[in-house]
Amino acid sequence: MAWAADTPASIAALVDAGQFQAADADITQALDQPGLEAAARDALLFQRERMRRIRYDFSLDADALKARIRQQVPDLRDDEFRGWDEHGLLERMVIDGRLMYFKRDASNIFRLSAEAAARRAHPAPFDDDPLQVLSHYHREVRAAALQEHRSSVLPHRVRITQTLTVDADAVPAGQTVRAWIPYPKTLPGQQDDIRYVASEPAKHELAPDAAPMRTVYFEKTAQAGKPTTFSVTYELTLSAQYHVIDPAKVVPATITPELAPYVAERPPHLVFTEQLRLFSRQVVGDEKNPYRIAQKLFAAVDEIPWAGAREYSTIPNLSDYTLHAGHGDCGQQTMLLIALLRLNGIPARWQSGAIFADHGYNDIHDWGQLYLAPYGWVPVDVTFGRLHPGAHPKPGDDALEWFYLGGLDAWRVAFNSDYGQDFVPAKHAFRSDNVDSQRGEVEWSGGNLYYDQWHYDFSWLPVTQH
């Protein structure tokens with residue numbers, strides 16, 4: 001995926017500024033240059049594709065967005081809308097002189113503005129993971145870790161099925177559809193004993209367990225008028241984690257060659273910009289203890305509200321975006337925290353996959369790990385954030401505030417131990433998501449199939465162990 005690095009800065013800047021006609025003209029001119037290398041050509045074509053994706057995300061004008069908001073606020077006033085807009089609560093972009101709004105603004109506004117949320121005619125709780133609130137489960141995990149003197153506890157076995165369905169006639173009949181579905185990695189003490197059960201089609205190619213973004217690969221022939229469906233079923237054992245960390249024992253890590261990549265910048269998404277350095281100084285102050293620094297950074301990023309995100313492939317720098325947008329989804333929040341930790345000499349890295357719970361809840365999700373000497377790598381989920389005791393706290397609840405800084409629930413499956421890595425086997429066309437891998441990817445000889453041409457599904461069942 002080197003095409004991002006090969007993009008002329010002037011063209012990328014035009015795209016970011018919403019000057020699509022000018023960018024497209026420059027792309028056409030650049031493509032006509034004799035002797036253009038394949039990498040440079042791909043980079044130019046991706047900028048054209050990025051504009052198409054941005055238009056897909058920023059698809060509402062003001063009237064269309066107001067109409068969507070009025071489904072929940074029937075008496076929405078123009079001055080209210082204008083006030084939310086002026087305060088940056090509505091994500092917008094001027095594209096070739098036309099003001100366009102993000103397609104998820106109509107739901108995001110109720111997460112970003114208490115005033116807007118109070119105006120809903122029929123308020124309903126958000127469909128969030130129940131484990132984002134301190135619960136009996138978190139208490140059980142901590143109690144088991146303390147009792148057993150282990151950091152990996154309460155294992156349970158599940159059977160998961162993931163399905164990817166390409167729309168009928170999205171690919172011409174007779175053409176080969178190539179699909180990649182995310183598949184779990186062995187992560188000792190977190191997820192173990194992974195067993196492939198079945199797939200559709202039966203013939204498949206499973207990436208090595210060591211692949212940083214693990215997938216199972218399929219091929220099928222498209223049939224006229226029929227969707228093309230791929231699926232995989234597997235079982236694995238998931239364990240919760242809880243590390244009993246004594247801040248007084250934490251010391252700065254010795255940066256070995258193995259740890260060095262995890263304190264380094266990694267453009268385009270992990271760059272120590274001047275704005276990032278300023279934010280870090282304001283948050284960290286004079287603190288020197290790595291765990292206390294991590295707490296401060298965790299708390300600061302936790303204060304950035306979650307909101308539905310535009311597609312990662314359209315964003316030049318995820319950590320910088322989150323710092324300035326005033327909101328971020330799980331991957332954007334995680335990338336910002338990783339950047340801040342690395343800036344402060346604390347090794348940090350990426351994990352991502354899916355989360356699920358009883359009663360049918362599931363979603364895609366990103367989180368990470370940080371390295372704390374002498375404890376080693378420990379998990380961190382800044383999107384779940386701090387767990388605050390409720391109206392009826394129990395003994396030990398204060399310690400559970402930082403559960404997700406060193407702990408993790410067992411109701412998630414990780415597909416990726418890194419971001420922005422190539423698949424095995426490699427994908428030839430542009431990725432729909434060139435950062436993450438949670439839903440899947442599809443292509444045919446005519447190119448990539450984007451998210452408007454297929455959908456995915458995730459289901460799970462507990463496995464009774466005898």
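# Reading pockets, cavities and backbone features

The side chains of Thr-161 and Thr-233 form a polar contact at 2.8 Å. The model is predicted.

User: Where does Thr-161 sit, and which residues outside its sequence neighbourhood is Thr-161 in contact with?

Analyst: Start with the element, then list the partners. Thr-161 belongs to strand β3. Beyond four places in sequence, its contacts are Val-232, Thr-233, Asp-457, Phe-458 and Ser-459. Take Val-232 as a case: 71 residues separate Thr-161 and Val-232 along the chain, yet their C-alpha atoms are 5.6 Å apart.

User: Now the open spaces. What volume does the largest pocket have, and how many residues line the largest pocket?

Analyst: Read a pocket by volume, lining and class. The volume here is about 1,100 Å³. The lining counts 47 residues. Nearest the centre lie Arg-111, Asp-128, Trp-306, Asp-329 and Asp-363. Four elements give two or more residues to this lining: α6 (105-112), α10 (290-302), α12 (330-343) and β10 (362-372).

User: How does the lining of the largest pocket divide by class?

Analyst: Charged residues number 19, nonpolar residues 17 and polar residues 11.

User: Let us take α12 from that list. What span should α12 have, and how far apart are its end C-alpha atoms?

Analyst: Compare an expected length with the model. α12 has 14 residues, so at 1.5 Å a residue it should span 20 Å. The end C-alpha atoms are 20 Å apart, which agrees.

User: Is α12 mostly covered or exposed?

Analyst: Mostly covered. Of its 14 residues, 14 are buried.

User: Which residue caps the N-terminal end of α12, and what follows the helix?

Analyst: Look for a side chain that reaches a backbone nitrogen at the helix start. Here Asp-329 is the cap: one of its side-chain oxygens lies 3.3 Å from the backbone nitrogen of Gly-331. Asp-329 is also among the residues nearest the centre of the largest pocket. Just after α12, Gly-345 has a positive phi of about 75 degrees.

User: How many cavities of 30 Å³ or more does a search of the whole structure find?

Analyst: Three. The largest cavity holds about 90 Å³ of space. Its lining has 14 residues, and Gln-162, Gln-438, Tyr-456, Asp-457 and Phe-458 are the closest to its centre. Strands β3 (152-166), β10 and β16 (454-462) each give two or more residues to that lining. By class, seven are nonpolar, four polar and three charged. Recall that Asp-457 and Phe-458 are also contacts of Thr-161.

User: Which residues line the second largest cavity?

Analyst: Asp-433, Asp-436, Ser-437, Gln-438, Arg-439, Gly-440, Glu-441 and Tyr-451. The space is about 40 Å³. Four of the lining residues are charged, three polar and one nonpolar. Gln-438 appears here and among the residues closest to the centre of the largest cavity.

User: Strand β10 keeps coming up. Is His-365, in β10, buried or exposed?

Analyst: Check the accessible area, then the partners. His-365 lies in strand β10. His-365 has a relative accessible area of 3%, under the 20% cut-off, so it counts as buried. Its side chain makes a polar contact of 2.8 Å with the side chain of Asp-381. Setting aside residues up to four places away in sequence, His-365 touches ten residues listed by the contact search, including Cys-330, Arg-412, Asp-381 and Gln-438.

User: Now the backbone. Which peptide bonds to proline are cis?

Analyst: Most peptide bonds are trans, and most residues other than glycine have a negative phi. Two cis cases stand out here. One runs from Ala-373 to Pro-374, with omega near 10 degrees. Pro-374 is in the loop between β10 and β11 (376-380). The other joins Val-424 and Pro-425, with omega about -5 degrees. Pro-425 lies in the loop between β13 (412-416) and β14 (441-444).

User: Where are His-149 and Asp-169, and what are their phi values?

Analyst: Both values are positive, in residues other than glycine. His-149 has phi near 55 degrees. His-149 sits in the loop between α8 (136-148) and β3. Its relative accessible area is 71%, over the 50% cut-off, so His-149 is exposed. For Asp-169, phi is near 65 degrees. Asp-169 falls in the loop between β3 and β4 (176-182).

Notes. Residues are numbered from 1 along each chain as its sequence is written. This is a predicted model: local features need pLDDT of at least 70, side-chain atom pairs count only at pLDDT 80 or more; totals for chains, interfaces and linings use all residues. Side-chain values use heavy atoms; hydrogens and water are left out. On a 1 Å grid over the protein atoms alone, a cavity is a set of points where a 1.4 Å probe fits but cannot get out, and a pocket is an open set with protein on both sides within 12 Å along at least five of seven lines; lining residues have an atom within 4 Å of a point. Grid points are joined across faces, edges and corners, and a volume is the space filled by probe spheres set on the points. Ala, Val, Leu, Ile, Met, Phe, Trp, Tyr, Cys and Pro count as nonpolar, Asp, Glu, Lys and Arg as charged, and the others, Gly among them, as polar. The expected span of a helix is 1.5 Å times one less than its number of residues. Buried means under 20% relative accessible area, exposed over 50%, partly exposed in between (1.4 Å probe, protein chains only). A polar contact is a pair of N or O atoms within 3.5 Å; within protein, one must be able to donate a hydrogen and the other to accept it, and residues adjacent in sequence count only if both atoms are side-chain atoms. Contact means heavy atoms within 4.5 Å.
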